[in-house]
Amino acid sequence: MSRRRPPWGAALAAGVAALSVGALAETFDVREPSLAPYRIEGTGIARPLTGRAGDPARGRAIARARTGGHCILCHAMPIPEEPAHGDTGPDLAGVGDRLSGAEIRLRIVNPKYVLAESMMPAYYRIEGLHRVAAGRPLLGAEDVEDLVAYLATLKGR
Ligand code: HEC
C-alpha cells in the first residue's frame with residue numbers, strides 16, 4: 001500500500017465550495033436500456049437505484065471484497081477483521097452522520113460529478129456507456145444500494 005497521501009482534504013474542500021456555489025443545482029435523468037436510470041437532484045440521488053433500500057450486511061461484504069467495491073483499498077472503515085485499509089480517501093467511520101443517503105449514493109455512482117478531479121472510481125456511471133462495446137458499470141444497482149445502506153449505518157464516531 002502506498003504511503004503517499006494525496007491532498008484529498010483540499011480536494012474535498014474544493015468540492016464543498018463547488019457545492020455551495022450551486023454546481024449541483026441542475027437536474028437530469030440518465031437512462032440506459034437494462035440499466036436502472038437515476039436522477040441527480042441537488043447534492044444527491046434521492047431515489048434508490050433499485051427502488052428499495054439495500055442490505056447493509058451485504059454492503060459491508062462488498063466494501064471489503066477485492067472483487068467487489070474494494071472500498072478499503074482507499075478508505076479506513078470499521079471492518080476490524082481486515083488488516084490493511086488504504087488512506088487515499090477519507091476514513092468512512094461516521095460518514096452516515098456527515099452525508100445523507102442521497103449524497104452517499106451520488107458519491108458511489110459518480111464521484112466525479114461532485115469533484116471533477118476525484119480519484120475515486122465511478123461505480124455506476126452509466127451515461128455514455130452505450131458508446132463503449134460491452135460497457136458495464138463496475139457495480140450493479142443492487143450492489144450500490146447495499147453499500148449505501150451499509151455506509152448510512154456508520155454513525156456516532
Ligand atoms: C482509488 C481510491 C478509492 C476507492 C477504491 C474508493 N474511494 Fe471513496 N473516495 C476516495 C477519495 C480520494 C475520496 C475523497 C473525495 C474525492 O476525491 O472524490 C473519496 C470519498 C468517498 C466518500 C465521501 C466521504 C466523505 O466523508 O465525504 C464516500 C461516501 C466514498 N468515498 C465511498 C466509497 C465506497 C463505498 C467505495 C467502494 C465502492 C469507495 N469509496 C472506493 C477514493 C476512493
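This is a short talk on the ligand site, one helix pair and one aromatic pair in a predicted model.

Okay, let's start with the ligand. There are 22 residues around it, and the closest are C71, C74, H75, S118 and M120. By class, that shell breaks down into 14 nonpolar, 6 polar and 2 charged residues.

So which side chains have an N or O atom close to the ligand's own polar atoms? I'll go through three of them. S118 has a side-chain N or O atom 2.5 Å from an oxygen of the ligand. With H75, the partner is a ligand nitrogen, and the distance to the side-chain N or O atom is 2.8 Å. Then there's R98, where a polar side-chain atom sits 2.9 Å from a ligand oxygen. If you're looking at elements that put two or more residues into the shell, those are α4, residues 101-109, and α6, residues 141-152.

Keep α6 in view, please, since it comes up again in the helix packing. Helix α2, residues 56-64, packs against α6 with the axes 7 Å apart and an angle of about 100°. That angle falls in the 65 to 115 degree range, so α2 and α6 are roughly perpendicular to each other.

What makes the contact? From α2 you have P56, R58, G59, R60, I62 and A63, and from α6 it's E142, D143, D146, L147, A149 and Y150. Sorted by class, the residues of this contact are 6 nonpolar, 1 polar and 5 charged.

Last item, the aromatics. The count here is 1 aromatic pair. The partners are Y38 and Y124, with ring centres 6.2 Å apart and planes at 55°, which makes the pair tilted. Y38 is in strand β2, residues 35-40, while Y124 is in the loop between α5, residues 111-114, and α6. The two are 86 residues apart, so this pair links distant parts of the chain.

Okay, that's my part.

Conventions:
Residues are numbered from 1 along each chain as its sequence is written. This is a predicted model: local features need pLDDT of at least 70, side-chain atom pairs count only at pLDDT 80 or more; totals for chains, interfaces and linings use all residues. Side-chain values use heavy atoms; hydrogens and water are left out. A residue is near a molecule or strand if one of its heavy atoms lies within 4 Å of it. A polar contact is a pair of N or O atoms within 3.5 Å; within protein, one must be able to donate a hydrogen and the other to accept it, and residues adjacent in sequence count only if both atoms are side-chain atoms. Helices (H or I, at least four residues) and strands (E, at least two) are DSSP runs, numbered from the N terminus. Ala, Val, Leu, Ile, Met, Phe, Trp, Tyr, Cys and Pro count as nonpolar, Asp, Glu, Lys and Arg as charged, and the others, Gly among them, as polar. Axes are lines fitted to C-alpha atoms, for helices over the stretch in contact, and angles run from 0 to 180 degrees between N-to-C directions. Angles under 35 degrees count as roughly parallel, over 145 as roughly antiparallel, 65 to 115 as roughly perpendicular and the rest as oblique. Contact means heavy atoms within 4.5 Å. Rings of Phe, Tyr and Trp (its six-membered ring) pair if their centres lie within 6.5 Å; planes under 30 degrees apart count as stacked, over 60 as edge-to-face and the rest as tilted.
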